[in-house]
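Hi,

Here is the model I promised to pass on. Have a look at it first, and then read my notes below.

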Amino acid sequence: MTQIRRGTPADIPGIAAIYDRILTEEEAGRASVGWVRGVYPTEATALEALEAGELFVLTEDGIPVAAARINQTQVPVYSQAPWLWQAPAERVMVLHTLVVDPLRKGRGHGTAFVAFYEDYARERGCPCLRMDTNEKNAAARALYARLGYREAGVVPCVFNGIPGVGLVCLEKKLEG
């Protein structure tokens with residue numbers, strides 16, 4: 001049984017293990033997400049989200065298989081993106097660091113998490129959705145396009161301590 005809920009301290013080791021498996025896939029050349037081991041993401045990434053009350057976890061039979069941070073914090077580089085949909089900051093919801101365990105990929109967990117994020121935003125009166133991914137992350141870009149997200153632009157930057165990132169800024173406006 002799958003469930004999406006707020007993260008707890010007990011989830012942190014499982015989320016850190018997901019980061020590790022993704023980074024191992026990257027280092028082995030089986031995935032391209034543009035992350036760097038020891039730089040981003042780290043266990044501290046998940047802990048910071050937890051401490052802020054913004055960590056959400058998708059579990060399968062009680063085991064974390066996907067996680068993300070959801071809040072209204074737009075990273076500074078977002079100011080350089082040519083957003084189509086404008087809204088006051090209090091009406092924008094942002095999805096950060098969505099991860100799905102590579103051992104469980106292809107089971108719809110990413111799609112389920114994005115649907116949860118959209119419902120979460122809708123319930124809080126935030127019709128303008130934003131997120132980002134590394135330009136290298138073809139799998140995430142394909143998923144987000146399939147789910148109706150528009151690539152507003154690619155902004156060159158240093159992102160979470162990683163230099164030379166082409167940050168793809170994505171957006172979607174909820175209807176109704």
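Let me start with burial: of the 176 residues in the chain, buried ones make up 50%. Keep in mind that this is a predicted model.

On the overall fold, I get four helices and seven strands. Reading from the N terminus, the order is β-α-α-β-β-β-α-β-α-β-β. The radius of gyration comes out at 15 Å, close to the 16 Å that the globule rule gives for 176 residues, so the chain is as compact as a globular protein of that length. If you want a box for it, the C-alpha atoms fill roughly 35 × 35 × 30 Å along the principal axes. As for contacts with a separation of 6 or more, 66% of them join residues 24 or more positions apart. The chain exposes about 8,500 Å², and carbon and sulfur atoms supply 54% of that area.

Now the aromatics, where I spent a good part of my time. The count is eight aromatic pairs. One of them is Trp35 with Tyr40, an edge-to-face pair at 5.8 Å centre to centre with 85 degrees between the planes. Both Trp35 and Tyr40 are buried. Tyr144 and Tyr149 make another pair: their ring centres are 6.2 Å apart and their planes sit at 65 degrees, so this one is edge-to-face as well. Tyr144 is buried, with a relative accessible area of 5%, and Tyr149 counts as buried at 5% too.

There is also a cluster, in which ring pairs link Phe56, Phe113, Phe116 and Tyr120. Tyr120 has a further partner: Arg124 lies over the face of its ring, 3.5 Å from the ring centre. Elsewhere on the list of charges over rings, the charged end of Arg130 sits over the ring of Trp83, at 4.2 Å from its centre.

And what about the cysteines, how many disulfides does the structure hold? Zero. Cys126 is in no disulfide, and the nearest cysteine sulfur to it, that of Cys128, is 9.0 Å away. A disulfide needs the two sulfur atoms within 2.5 Å, so at 9.0 Å Cys126 and Cys128 do not qualify. Cys126 counts as buried because its relative accessibility is 1%. Cys128 counts as buried as well, at 3%.

When you open the model, I'd begin with the cluster around Phe56, Phe113, Phe116 and Tyr120, then go on to Arg124 over Tyr120.

Cheers

Technical notes:
Residues numbered from 1 in each chain as written. Predicted model: local features only at pLDDT ≥ 70, side-chain atom pairs only at ≥ 80, totals over all residues. Heavy atoms only, no water. Buried < 20%, exposed > 50% of the residue type's maximum accessible area, 1.4 Å probe, protein only. Phe/Tyr/Trp six-rings, centres within 6.5 Å; stacked < 30°, edge-to-face > 60°. Lys NZ or Arg CZ within 6 Å of the ring centre and 35° of its normal. Helix = DSSP H or I, 4+ residues; strand = E, 2+ residues; numbered from the N terminus. Rg over C-alpha atoms; globule rule 2.2 N^0.38 Å. Contact = heavy atoms within 4.5 Å. Areas by Shrake-Rupley, 256 points an atom, 1.4 Å probe, with all protein chains shown as cover.
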